[in-house]
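Me: Could you walk me through this protein in plain words? I am new to reading structures.

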Amino acid sequence: MSAWLFYALLAPLFFSVGNILDKLLRSRHLGTFAFTIFVGLMSFWALALIPFVGFPASFTVIIACLLAGVLFFSSGFPYFKALSIEEASRVIPLWALEAPLTLAMAFFFLNERLMLTDYAGFVLVVAGAFLVSARSLEGLFKPSKPLLLMLLASSLTASSIVLSKWLYSQLPFWQVQLLTNLGGGLVALLLLLVFSNQRKVFLKEMSVLDKAAVFQLGIRQLVFFSASLVFGLAIMTGSPSLSSALVKLAALFVFIFAVLLSRF
């Protein structure tokens with residue numbers, strides 16, 4: 001098994017555990033804004049990398065890295081909103097919309113070309129996402145609010161993935177991680193400072209978290225930290241389109257976990 005395939009298959013396992021925790025935390029403890037801002041602020045862990053990796057010299061590349069981080073961070077708003085109004089086992093499969101969007105962007109911007117069987121696989125991935133997420137056959141042809149929210153989230157992450165693939169050709173892995181995480185963290189901090197009413201809500205929701213919720217948040221961050229690093233390695237060492245498609249196996253894992261945990 002190649003290193004790329006190993007990373008691309010390991011990432012969805014981490015993501016699926018994090019997705020289940022997202023649903024629990026969003027439903028019981030945190031609102032969409034507070035949850036998204038919290039995740040963004042946690043991106044400042046990357047500051048610890050500065051003494052070891054430094055900053056690149058190119059201003060253009062720095063801006064591109066920060067933009068990739070902002071795009072990825074922004075996808076949290078529609079994603080957490082979708083989780084608040086629909087079951088995780090129906091929302092997570094809709095991340096599959098990211099795969100064809102990444103494919104199209106990589107085709108035009110990275111000149112990526114795949115085999116005919118690969119393109120057929122993308123069609124099956126998207127079809128499977130719609131079948132799992134729809135509550136009825138009629139629902140296949142009626143765009144729901146979660147579907148539209150996840151289409152927006154997927155567009156943002158697909159843009160970030162394609163931009164990250166180019167960045168990995170310009171910078172070492174850890175410099176890309178440093179700057180993309182700072183991009184997400186800075187925009188989260190800016191939003192928190194600008195919107196005073198939402199800041200009050202954020203502080204209130206964070207202050208009333210019990211020990212169980214704090215523990216879940218900690219595990220969630222650890223899992224997504226691992227997933228992001230592994231997925232970043234998959235993008236760097238292989239095709240961004242195929243990596244995006246394979247990571248959608250997280251939907252299958254979420255479905256299995258949701259069935260097993262539904263009794264609780």
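**A walk through the model**

Reply: Happy to! Leu 9, Leu 249, Leu 252, Phe 255, Ile 256, Val 259 and Leu 260 make up a nonpolar surface patch, with a joint accessible area of about 600 Å². A patch takes residues with over 30% relative accessible area and no salt bridge, joining like charges within 9 Å and nonpolar side chains (Val, Leu, Ile, Met, Phe, Trp, Tyr) within 5 Å. Areas come from the Shrake-Rupley method with a 1.4 Å probe, and for residues only the protein chains shown count as cover. This is a predicted model, where local features need pLDDT of at least 70, side-chain atom pairs count only at pLDDT 80 or more, and totals for chains, interfaces and linings use all residues. Residues are numbered from 1 along each chain as its sequence is written, and side-chain values use heavy atoms, leaving out hydrogens and water.

Me: Which helix gives the largest share of the nonpolar patch?

Reply: Helices are DSSP runs (H or I, at least four residues), numbered from the N terminus. The run covering residues 250-261 supplies 5 residues of the patch, the largest share, and that run is helix H14.

Me: Is Ile 256 buried, partly exposed or exposed?

Reply: Ile 256 sits in helix H14. Buried means under 20% relative accessible area, exposed means over 50%, and partly exposed lies in between (1.4 Å probe, protein chains only). Ile 256 has a relative accessible area of 39%, so the word for it is partly exposed.

Me: Which residues form a salt bridge?

Reply: A salt bridge needs a side-chain nitrogen of Lys or Arg within 4 Å of a carboxyl oxygen of Asp or Glu. By this rule the count is 1. The closest N and O atoms are 2.6 Å apart, and the partners are Arg 220 and Asp 22.

Me: How many residues apart along the chain are Arg 220 and Asp 22?

Reply: Arg 220 has a relative accessible area of 5%, so it is buried. Asp 22 is at 0%, so it is buried too. The pair links distant parts of the chain, with Arg 220 in helix H12 and Asp 22 in helix H1, and the separation is 198 residues.

Me: Where is Ile 20, and is it buried or exposed?

Reply: Ile 20 is placed in helix H1. Its C-alpha atom is 14 Å from that of Trp 95, 75 residues away along the chain. With a relative accessible area of 12%, Ile 20 counts as buried.

Notes: Helices (H or I, at least four residues) and strands (E, at least two) are DSSP runs, numbered from the N terminus.
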